[in-house]
Amino acid sequence: MVEACEGIRVLDLSSGPAGGLASMILADFGADVVKVERPGGDPYRRLAAAPMWLRGKRSIEADLKTRLGQQTLHDLVAGADVVLVSHRPDTARRLQVDAETLRALNPRLVYCHVTGFGPRGPLANYRGYEGVVAAKAGRMMTFAGQTDRDGPIFSYVQVGTHGASQAAVQGILAALIAREATGEGQTVETSLLQAMMPYDMGGILIQQLMRRFPKLFPEDPWSAFGRMPTLQYQPVLTKDGRWLQLGNLVEHLFHAFLVAADLSEVYVDERYQGPPNQYAEDAREELRDRILAKMQERTLDEWMQAFIADGNVAAEPYVTTQEALSHPQIVHNGAVIEVDTPAHGAMKQIGPVGRLSQTPASIRPVAPQVGESRTVSWPVTASSAPSANGSLQRQLRHPLEGVTILEFATIIATPYACSILGDLGARVIKVEPIGGDPMRGMVNGVGATKTTASKESISVDMKSEEGREVVRRLVEQADALIHNFRPGVPERLGIGYEDVRAVRPDIVYVSAMGYGSDGPYAHRPNAHPIPGAALGGAVMQAGGPSALAPVEGIEAIRERSRQLMRANEVNPDPNTSLVIATATMLALFAQRTRGLGQHVECDMMTANAYANFDDFLAYEGKPERPVPVPGLYGLGALYRLYETEQGWVFLACPSESEWRALVRTVDEPRLRDDRFATDVGRRDHDAELAAILSDVFCRRTADDWEQLLTLADVACVRADAAHPAQFFDRSQHMVENGFVVEADHLRWGRHWRAGPLTRLSTTTPSTGAGVLAGQHTRQILRELEFEAQEIDGMFGSGVVASELP
């Protein structure tokens with residue numbers, strides 16, 4: 001079989017995992033990736049996961065500070081399709097690896113620039129470490145209240161790196177698709193800061209609505225940080241002292257849990273009629289205590305056996321990422337591959353980002369040694385030179401212009417993935433049930449503004465014959481269909497892969513499921529806290545395996561469960577969205593370049609394995625995943641939070657040159673002690689170093705430290721100035737980079753919304769507002785050539801609907 005990216009030549013000049021993961025995905029699907037490394041190699045090769053994200057590539061050494069190194073690079077650029085760069089903007093220009101320089105050598109080149117904070121604005125040349133970006137963007141404030149101390153909490157899962165790597169792949173493929181039409185390459189920009197934005201689920205809009213509609217939105221959303229989790233998302237302690245995460249958000253799943261847990265007698269109490277989020281507070285807390293007590297009557301394995309047999313209860317144990325490598329469904333899905341490598345022997349590595357039926361991944365698991373290819377030659381061919389046939393070229397406004405996607409999905413993960421594709425210019429038609437996506441009922445409907453952005457909506461009763469005819473006509477005009485139903489449901493609704501392919505043979509059909517289409521857990525529901533617990537991210541955010549120690553007494557159990565759920569925050573849903581969008585783009589690229597339709601499968605478990613990339617592999621001698629220091633300040637003295645005279649800062653100082661700059665700038669004699677003269681010495685005396693730095697940082701305010709140390713090119717930022725939504729709402733840096741854009745919602749009016757995850761220089765993004773349920777029902781039915789009388793009849797009989805009057 002052909003691979004999706006076969007024939008694409010990629011020069012990877014990036015350093016570290018964000019670019020490394022992006023080029024790994026391209027290599028997995030057939031691209032010829034050459035990693036251009038500085039003399040001695042990428043310094044991030046020291047990371048435990050590097051043997052994985054280096055896989056499938058060739059390596060050459062080039063000193064880009066010399067003319068010879070630059071000429072070597074420029075010779076390769078002339079024959080390349082893609083260049084991937086992660087230098088800060090000023091550094092890229094200094095080394096002559098900026099977009100203007102390289103695209104002048106090859107106008108068909110797709111130049112992808114992955115930065116920490118974006119290419120423009122006051123933060124553009126800050127060092128873009130994950131922790132620094134997370135702290136500056138307010139992400140660490142989202143965990144405030146997780147422990148009993150004040151201030152921000154270190155954010156463990158590297159969502160910025162995960163998001164930026166996926167966005168880079170999406171942007172590169174979008175630009176390559178556009179090149180098929182225009183004959184020209186372009187610049188693709190993404191950043192770790194943009195990649196933080198998927199994790200704000202409507203907060204930026206709430207900030208604006210609190211000012212505009214104070215009676216409707218009277219409460220500061222950040223005041224809820226100390227509260228207990230919802231009943232549907234309750235972590236519970238079992239008889240054998242192990243923690244289990246429940247994830248039954250949808251009402252019928254919560255009721256299924258109560259029945260499976262032998263708690264159905266609560267229904268005789270009139271206080272428990274209706275949805276659980278409508279229970280009175282005293283009734284809710286009484287039921288919580290009953291649930292917590294009941295779950296201690298059986299072991300975790302006994303409960304899991306019952307829940308798996310039931311098939312309608314979402315639950316998974318809290319485990320580490322290393323334990324997740326043995327999860328039966330993850331192994332079944334091929335998300336864990338076992339390989340032999342020359343450098344590390346037997347290894348377990350992460351599998352492909354998606355399962356594509358016609359252009360599958362062919363993973364080459366070996367990581368190259370530094371410079372082992374020595375020389376690489378790419379002749380300039382028709383694929384890499386400017387197109388000579390101008391008559392076939394046309395102009396595009398947006399990279400996915402002309403692509404129509406049908407979305408049959410609810411809640412967050414899959415709908416937001418479709419919004420990402422809508423931002424790239426695809427026409428996304430959200431096909432909703434009568435009454436709309438359940439997400440519309442959350443937070444006064446604000447949450448759905450993000451998951452319905454850049455779409456049209458039609459509400460259809462798909463169980464009726466007339467409704468199925470509407471869907472059949474939609475399928476005739478679609479290039480892709482994306483759904484998140486459990487196995488068997490699409491077939492019952494008449495939109496299974498074979499049903500759809502019979503109407504549109506070249507369709508890209510994406511099944512985005514909780515667990516997968518088959519296997520031991522495929523029949524089960526899944527929701528955001530489940531992968532958080534099952535893939536290890538929540539355990540590390542909680543403080544590491546010690547956070548799972550059993551406690552005694554209902555009050556202690558309540559408090560530990562609160563802490564676990566605070567650690568198990570929203571990230572698993574957006575983590576999944578990003579992977580669904582990437583897998584869809586791989587298939588769309590194959591469709592656009594090779595005319596192939598196919599079935600694509602994604603699942604929440606694999607997607608969150610990618611988000612936990614730093615530990616989702618195993619080999620003899622692999623360093624253990626670092627545990628946060630007590631108090632959840634960070635990972636060590638030189639990568640952690642510090643309280644200052646006023647406010648908090650996050651310091652990232654991992655390299656020798658940065659350490660020397662830190663010592664010079666703070667002028668603290670104790671830092672010149674021989675104990676701290678080497679990297680090994682600093683690690684061996686980490687607690688002592690942290691104590692000294694804690695004392696030093698108390699001498700100035702957080703803002704003063706940020707100004708002083710960033711001028712010395714040491715990464716140090718204030719970490720408590722704002723929560724993410726407040727930062728996105730107020731920051732001029734966000735506006736200057738186009739990371740927030742204006743939108744006009746029919747209900748909420750004009751407002752800022754998160755901008756696109758990638759920006760393309762020629763075919764610009766298309767960022768629309770969220771939409772109401774069925775907002776475009778009449779318009780779409782007219783396009784499908786239904787007569788006015790037929791349309792009125794369908795509205796009258798309840799076959800279709802709209803929130804519009």
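Which residues of α15 are buried? I started my notebook with that one. The model is predicted, and I kept that in mind throughout.

**Entry 1: helix α15**

I went to helix α15, residues 413-423. I listed its buried residues as A413, T414, P415, Y416, A417, C418, S419, I420, L421, G422 and D423. That makes 11 of 11 residues buried, so the helix is largely enclosed by the rest of the structure. I then looked just past the end of α15. There G425 takes a positive phi of about 105°.

**Entry 2: the whole chain**

I stepped back to the full protein chain. I found 32 helices and 27 strands. The radius of gyration is 26 Å, and the globule rule gives 28 Å for 805 residues; the two are close, so the chain is as compact as a globular protein of that length. I also noted the box that the C-alpha atoms fill: roughly 75 × 75 × 55 Å along the principal axes.

How much of the chain is buried? I read 62% of the 805 residues. The exposed area of the chain is about 29500 Å², and carbon and sulfur atoms supply 49% of that area.

Next I looked up contact range. I took the contacts between residues at least 6 apart in sequence; 77% of these join residues at least 24 apart.

Charges came last in this entry. I have 79 positive and 99 negative charges in the chain. Their mean positions are 4 Å apart.

**Entry 3: strand β15 and its partners**

I picked strand β15, residues 456-460. Is the strand mostly covered or mostly open? It is mostly covered, with 5 of its 5 residues buried. I sorted the side chains by direction. E456, I458 and V460 point one way, while S457 and S459 point the other way. Both sets are buried.

Then I checked which strands pair with β15. Strand β14, residues 427-432, runs parallel to β15 and is joined to it by 4 bridges. In that pairing I found E432 opposite S459. Strand β27, residues 800-801, pairs with β15 in the antiparallel sense over 2 bridges. Here A801 stands opposite S459. I marked S459 for both pairings: E432 of β14 faces S459, and so does A801 of β27.

**Entry 4: V771, a loop residue that touches β15**

I moved to V771. It sits in the loop between β26 (759-760) and α31 (777-783). Its relative accessibility is 5%, so I count V771 as buried. The cut-off for buried is under 20%.

What does V771 touch beyond four places in sequence? I listed R440, T452, K455, E456, S457, H745 and H776. Of these, E456 and S457 belong to β15. I also looked up the separation from T451. V771 and T451 are 320 residues apart along the chain, with C-alpha atoms separated by 9.2 Å.

**Entry 5: the β10 and β11 hairpin**

I turned to strands β10 (residues 336-341) and β11 (residues 345-350). They pair in the antiparallel sense over 6 bridges. A hairpin joins β10 to β11 through 3 residues. Within this pair, E338 stands opposite K348.

Which other strand did I find joined to β11? I found β19, residues 618-619, running antiparallel to β11 with 2 bridges. K348 stands opposite A618 in β19. I noted K348 for both pairings, with E338 in one and A618 in the other.

**Entry 6: two helix residues**

I looked at L292 in helix α11, residues 281-294. Its relative accessibility is 0%, so L292 counts as buried. I listed its contacts, leaving aside neighbours within four places in sequence: Q234, P235, V236, L237, I554, I557 and R558. For V236 I also have the distances. L292 and V236 are 56 residues apart in sequence and 5.9 Å apart in space, C-alpha to C-alpha.

My last stop was H74, in helix α3, residues 67-77. Is H74 buried or exposed? I read 15% relative accessibility, so H74 counts as buried. Leaving aside neighbours within four places in sequence, H74 is in contact with Q96, T101, L102 and L105.

Notes: Residues are numbered from 1 along each chain as its sequence is written. This is a predicted model: local features need pLDDT of at least 70, side-chain atom pairs count only at pLDDT 80 or more; totals for chains, interfaces and linings use all residues. Side-chain values use heavy atoms; hydrogens and water are left out. The radius of gyration is taken over C-alpha atoms; the globule rule is 2.2 Å times the number of residues to the power 0.38. Buried means under 20% relative accessible area, exposed over 50%, partly exposed in between (1.4 Å probe, protein chains only). Contact means heavy atoms within 4.5 Å. Accessible areas come from the Shrake-Rupley method with a 1.4 Å probe; for residues, only the protein chains shown count as cover. Lys and Arg count as positive and Asp and Glu as negative; His and the chain ends are not counted. The place of a charge is taken as NZ of Lys, CZ of Arg, CG of Asp or CD of Glu. Two strands pair if DSSP finds at least two bridges between them.
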